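Thanks for sharing this one. Here are a few notes to read alongside the structure.

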Amino acid sequence: MIDLHTHSTYSDGTLTPEELLREAARLGLSALALTDHDTIDGVAEFMEWGKRCGVVTVPGVEISVDSKLPNNGHMHLLGLFIDPFSTHLKETLRYLLAQRNLRAEKIIHKLNSLNVPVTMEELLAEAGEGAIGRPHVAKILLRRGVVGSLQEAFDVYLARGKPAYIDKETLGEAAALKLIRDAGGLSILAHPHLMRYDTFAEARDKILELKKLGLDGLEAYYSGMPREYTEKLLALAEEEGFVISGGSDFHGLNKDSVRMGSGKDNDLQVPDEVLAGLEERRKARH
Ligand code: AMP
Ligand code: MN
Ligand code: MN
Ligand code: MN
């Protein structure tokens, strides 16, 4: 079994790359991808620890994409097998990271004007070396007793449409797909059901548009994705020649219902063949 979607302390996960790999080894996973939000700063370290722990590592990243979607849906792309030393990728991600910090300041400003006391210093300390995300804000609010759970922090303040919500500066679809390709990666549409189209037919149309822009594959196995949705994505991949990926979107204690490898209530099992398919596609590229 493998898991090709995980977050570390370099973004909004709670385990370091080393701890992720130790956990993967303990669980008997044969391969793991690190896909932090908008950063590859943890990838070199991750690959080093992979060798020590005897787990195959896939260098990756998860990029938020600016796309007009219905029902508060969102689009994320995974770049798998990206070159962790690509200067262009690093520079572009660094720009996005700087934008995240500006956004964090705006979120704090909004919270303060709602009489919720949070400071940028606290938030920077909470995020550590990681890309600041709303989950870090949520943790502070929980610790302060402002909310009773991380979910409540989103429901009351941080989710889109709530009073402390601020949009993130993101790349467009074409730019994000090109960024991944130029860095030698395979582009995978992460958790396609979270684009939240009302019907699969509409999601399919969007996916076919992305294919024209260079999309390589679909994350068909994902914790929390309805079984029928996985089936539809697998069929679409077969029809259209997409490669398949799968993962838990593990965030450690920041999303504590989701286990590495097995997801939520054991709802996930990503077969080793998925990695073989990705590797084959990658070789065909060269
Ligand atoms: P950010 O990158 O700052 O936009 O934060 C995105 C992360 O926040 C996601 O990866 C989720 O972990 C979490 N998140 C976003 N929306 C919600 C929500 N409505 N409820 C709970 N967690 C959420
Ligand atoms: Mn996250
Ligand atoms: Mn995502
Ligand atoms: Mn993710």
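The points below take the metal sites, then a helix pair, then a short strand.

1. A word before the details: this is a predicted model, so please read every distance and angle here as computed from that prediction.

2. Let's begin with the manganese ion that is ligand 4. Four residues coordinate this ion, namely His5 and His7 through NE2, Glu62 through OE and Asp249 through OD, at 2.1 to 2.2 Å. Along the chain, these donors are spaced as H-x1-H-x54-E-x186-D. Because His7 sits in the loop between strand S1 (2-3) and helix H1 (17-27) while Glu62 belongs to strand S3 (residues 56-66), the pair ties together parts that are 55 residues apart in sequence. Both His7 and Glu62 are buried.

3. Next comes the manganese ion that is ligand 3. Its coordination is by Glu62 (OE), His76 (ND1) and His191 (NE2), at 2.1 to 2.2 Å. The spacing of the donors along the chain is E-x13-H-x114-H. Glu62 lies in strand S3 and His76 in strand S4 (residues 75-80), so this pair ties together parts that are 14 residues apart in sequence. Like Glu62, His76 is buried.

4. Which residue bridges the manganese ions that are ligand 3 and ligand 4? Glu62 does, and the two ions lie 3.5 Å apart. There is also a manganese ion listed as ligand 2, and 5.0 Å separate that ion from ligand 4.

5. Away from the metals, have a look at helix H8 (residues 200-212) and helix H9 (residues 227-240). Their axes come within 12 Å and cross at roughly 35 degrees, and the crossing is right-handed. H8 brings Phe200, Ala203, Arg204, Ile207, Leu208 and Lys211 to the contact, where they meet Tyr229, Lys232, Leu233, Leu236, Glu239 and Glu240 of H9. Sorted by class, this contact holds 7 nonpolar and 5 charged residues, with no polar ones.

6. Finally, strand S2 (residues 31-34) is a neat one to view side chain by side chain. In a regular strand, side chains alternate between the two faces of the sheet. Here Ala31 and Ala33 point one way from S2, Leu32 and Leu34 point the other way, and all are buried. S2 runs parallel to S1, and 2 bridges join them. One pairing to pick out on screen is Asp3, whose bridge partner in S2 is Leu32.

Technical notes. Residues numbered from 1 in each chain as written. Chains lettered and ligands numbered in written order. Predicted model: local features only at pLDDT ≥ 70, side-chain atom pairs only at ≥ 80, totals over all residues. Heavy atoms only, no water. Donors = N, O, S within 2.8 Å, 3.2 Å for Na, K, Ca; no water. Helix = DSSP H or I, 4+ residues; strand = E, 2+ residues; numbered from the N terminus. Buried < 20%, exposed > 50% of the residue type's maximum accessible area, 1.4 Å probe, protein only. Axes fitted to C-alpha atoms, helices over the stretch in contact; angles between N-to-C directions. Left-handed = near helix turned anticlockwise from the far one by under 90°. Contact = heavy atoms within 4.5 Å. Nonpolar A, V, L, I, M, F, W, Y, C, P; charged D, E, K, R; others polar. Pairing = 2+ DSSP bridges.
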